[in-house]
Structures are given as structure tokens and as C-alpha cells.
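Welcome to this tour. Open the model in your viewer, keep the selection tool at hand, and follow the stops below.

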Amino acid sequence: MSSVGEVRKVYRGRDIEVSFDLDISFHIGECLPGERNVFKLDRRPWVLPDGGDADVVARVVELCPSGALQYRRLDGKAQEEPSTTTTVTPVRDGPLLVKGEIEVWREDGTVEVLPRATLCRCGESQHKPFCDNQHLAIKFRAPGVPFKIHLSPVRLQADKPITKAEDPRRLD
């Protein structure tokens, strides 16, 4: 069971629709440098799908390791398909990066299928099974692959978790 909420905000454009679920976000802001006309924290709404080419927007969304960002093509082009092989990659001192078809059962019985997720392995997340970066607060240590965090207004310090309340994307 997941303790996350059920709020996925939808930003509809002409050719592509982008959705965002702050509750499952890893709070690293991979989207921000990817397409600056689409993803901007200093405006509301912070996502404007028509600000860039739909193919580029789709590629940027697919960089989101947590599945918090997803897209739906409205122009007839192919939708994102989860990998046919599920992979689980442990991040050094952090979560598990999972890619594939991930079924998340909500407390109300609804099921959401994610193409990507970052799952907690420190046991301290307030949004289990998803990682909310509490591993940083408790100085969790475990083997895994290095994961480069790009500092941004979403993540000001690589070694300090931000809360959902501190994430500037919550204001939409």
C-alpha cells in the first residue's frame, strides 16, 4: 500500500499533456534544465506543454526518475511505454530506481501504473513505498551506483532533503 495522496496535476497542451504528482517526486528537478520554456518555477502554472516541441517535452519527462512527471500524447504519436523488462538499480546511499511496468495500489483500491519510480530503501520515507529523500536526513548508507544530483531551485543542496511543503512546484 502507498501512503501517498492522489493528486496528479494535469497541464494540457495542444499536442501533449504533462502530469505531475508531487507526492511521489524525488525532488531533484531533472525537468528544469531540460526545456526551460516548458518547465519554469517562477511562473504559475510552472508547466506549459506548448512552450516546446512535444517530442522534446516527452524526452524531458522520461528523464524524471520518480515517475512524478508523466505525459500523454494528444497528437497521435506514440505514448510512453514502460520497459518490457523491469529493472531495479540501487542508488548509493539512496533509493531504488525502478523502470518497467510498476503497479501502485492506492489505499482507496485504485491502481496507477508508472513507467518509473524511486522506491525507499532506508525505511524512513513518509510517502512509502516512494522515496522522499529522508535517507539524507538519517545519513543512510548502502552500496549502489552513484547518482548525480543537479542543484536547482527544487534541490538547493545535494545532501539535504527538501520537504513537500518546501518544493516550489507545490504552489500550482
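Start at the second largest pocket, which holds about 230 Å³ of space. A pocket here is an open set of points on a 1 Å grid over the protein atoms alone, with protein on both sides within 12 Å along at least five of seven lines, and lining residues have an atom within 4 Å of a point. Grid points are joined across faces, edges and corners, and a volume is the space filled by probe spheres set on the points.

Before you select anything, note that this is a predicted model: local features need pLDDT of at least 70, side-chain atom pairs count only at pLDDT 80 or more, and totals for chains, interfaces and linings use all residues. Residues are numbered from 1 along each chain as its sequence is written, and side-chain values use heavy atoms, with hydrogens and water left out.

**Stop 1: around the second largest pocket**

Select Gln70, Tyr71, Arg72, Val113 and Pro115, which lie nearest the centre of this pocket among its 14 lining residues. Now colour strand S2 (16-20), strand S3 (69-73) and S6, as each supplies at least two residues of the lining. Strands are DSSP runs of E with at least two residues, helices are runs of H or I with at least four residues, and both are numbered from the N terminus. Which strand gives the most to this lining? S6 does, with 4 residues. By class, the lining has 6 nonpolar, 3 polar and 5 charged residues. For these classes, Ala, Val, Leu, Ile, Met, Phe, Trp, Tyr, Cys and Pro count as nonpolar, Asp, Glu, Lys and Arg as charged, and the others, Gly among them, as polar.

**Stop 2: the sheet that includes S6**

Stay with S6 and add S4 and S5 to the view: the 3 strands form an open antiparallel sheet in the order S4-S5-S6. Strand S4 (87-90) and strand S6 (111-119) are at the edges with a single partner strand each, so one side of each has no neighbour in the sheet. Neighbouring strands are turned by 40° against each other on average, direction ignored; the axes are lines fitted to C-alpha atoms, and angles run from 0 to 180 degrees between N-to-C directions.

Zoom in on S4 and strand S5 (residues 96-105), which pair over 4 bridges. Two strands count as paired if DSSP finds at least two bridges between them. Select Pro90 and you will see Leu96 of S5 opposite; for Thr89, the bridge partner in S5 is Leu97. The hairpin of S4 and S5 has 5 residues between the strands, and Asp93 there takes a positive phi near 60°.

On the other side of the sheet order, S5 and S6 pair over 8 bridges. Leu96 has Leu119 as its bridge partner in S6. These two strands also form a hairpin with 5 residues between them, where Gly109 in the turn has a positive phi of about 95°.

**Stop 3: the largest pocket**

Asp93 leads on to the largest pocket, with a volume of about 330 Å³. Select Asp93 with Arg92, His135, Leu136 and Ala158, the closest to its centre of 19 lining residues. The lining divides into 10 nonpolar, 3 polar and 6 charged residues.

**Stop 4: enclosed space**

Next, look inside: how many cavities of 30 Å³ or more does the structure hold? There are 2. A cavity is a set of grid points where a 1.4 Å probe fits but cannot get out.

- The largest cavity has a volume of about 70 Å³; select among its lining residues Phe26, Ile28, Cys64 and Arg169.
- The second largest cavity has a volume of about 50 Å³, and its lining includes Gly94, Cys120, His135 and Phe140.

**Stop 5: an aromatic cluster**

Finish by selecting Tyr11, Phe20, Phe39 and Trp46, which form one aromatic cluster. Rings of Phe, Tyr and Trp (its six-membered ring) pair if their centres lie within 6.5 Å; planes under 30 degrees apart count as stacked, over 60 as edge-to-face and the rest as tilted. The whole structure has 4 aromatic pairs. The ring centres of Tyr11 and Trp46 are 6.4 Å apart and the planes stand at 75°, so this pair is edge-to-face. Tyr11 is in strand S1 (residues 9-12) and Trp46 in the loop between S2 and helix H1 (54-61), 35 residues apart.

Phe20 and Trp46 are also edge-to-face, because their centres are 5.2 Å apart and their planes at 80°. Both Phe20 and Trp46 are buried, meaning under 20% relative accessible area with a 1.4 Å probe, protein chains only.

Notes
Buried < 20%, exposed > 50% of the residue type's maximum accessible area, 1.4 Å probe, protein only.
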